[in-house]
Amino acid sequence: MKTRDRLRIAMQKSGRLTEPALELLKRCGLTFRQSRDKLFCFGEGEPVDLLLVRDDDIPGLIAQGVCDLGIVGRNVLDEFALTAGRDVAPLAEWRALGFGRCRLSIAVPQEMDYRAPSDLAGLRIATSYPGLLGAWLRGQGVGAGVVTLAGSVEIAPRLGTADLICDLVQSGGTLAANQLRETEVLLESEAVLAGPQTLPADERGDMIELLFRRLDGVIQVRE
Ligand code: PRT
Ligand code: ZN
């Protein structure tokens, strides 16, 4: 495979992480010229370019070597680790970035009598995170049905397609609006800088080291 001499970072094209990710990279001294199709942003100063994609595609793009690094929610990165095949290169969380904070939680109908994870035995749980939910259920020794949905998970109990849900929560407003109550937190998430476990040993590796140093400075100042 032809090696690239410019660093390529994948990030969300349009969503919650887009603006804060661009802002963080700007504070690291990176500026970009947006291309017309908006898939690719060319770096103006340093040899660092951006690929703007759906967040769900970011771990796969790194694993395939299409991108060197990616800015993505820990929830998406960890789900990928649990659901990608064994032949896929494992990824590392290199830095936690301090924005996009949320948690992956179990939420039950407000009227449901919930005391412990064992109360979930035999119930159907709707989620977009079957890997993370499945691992948690196994860890708890609970046998429950997992109903995988791409979106609108919070309405599944009202539709009758599931008894409860496992979804991302931030303010809790969506749960309250759907008469759901948060009971267990499976994962505390935030945006992270993800990459391969072994970083390239060429100019791109040097650029990654430089980016890490600048990131650490920016993150330290903010804390
Ligand atoms: O198009 P693309 O696939 O790229 O975007 P997306 O719709 O999958 O992602 P997006 O932009 O919604 O979220 C990107 C990332 O932001 C997620 O993967 C999380 O890491 C992070 N994040 C932080 C959140 C939230 N907070 C959040 N509140 N992602 C989703 N939500 C949703 C949640 O699913 C639920 O529907 O917001 C609702 C809950 O919010 P509250 O405030 O009502 O509790
Ligand atoms: Zn997505």
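User: What makes up the shell around ligand 1 by class: how many nonpolar, polar and charged residues?

Analyst: Happy to help! The shell has 5 nonpolar, 10 polar and 6 charged residues. Here Ala, Val, Leu, Ile, Met, Phe, Trp, Tyr, Cys and Pro count as nonpolar, Asp, Glu, Lys and Arg as charged, and the others, Gly among them, as polar. This is a predicted model, where local features need pLDDT of at least 70, side-chain atom pairs count only at pLDDT 80 or more, and totals for chains, interfaces and linings use all residues. Side-chain values use heavy atoms, with hydrogens and water left out.

User: Which residues are the closest to ligand 1?

Analyst: Of the 21 residues that surround ligand 1, the closest are Arg54, Asn75, Ser171, Gly172 and Thr174. A residue is near if one of its heavy atoms lies within 4 Å of the molecule.

User: What makes the Arg54 pair with ligand 1 a polar contact?

Analyst: A polar contact is a pair of N or O atoms within 3.5 Å. A polar side-chain atom of Arg54 lies 2.8 Å from an oxygen atom of ligand 1, so the pair meets that cut-off. For Gln12, a polar side-chain atom lies 2.9 Å from an oxygen atom of the ligand.

User: Why is ligand 1 said to lie between two domains?

Analyst: Domain 1 (7-100 + 190-222) and domain 2 (102-188) both give residues to the shell around ligand 1, so the ligand lies between them. The domain bounds come from an automatic or database domain assignment.

Note on methods
Residues are numbered from 1 along each chain as its sequence is written. Chains are lettered from A and ligands numbered from 1 in the order in which they are written. A polar contact is a pair of N or O atoms within 3.5 Å; within protein, one must be able to donate a hydrogen and the other to accept it, and residues adjacent in sequence count only if both atoms are side-chain atoms.
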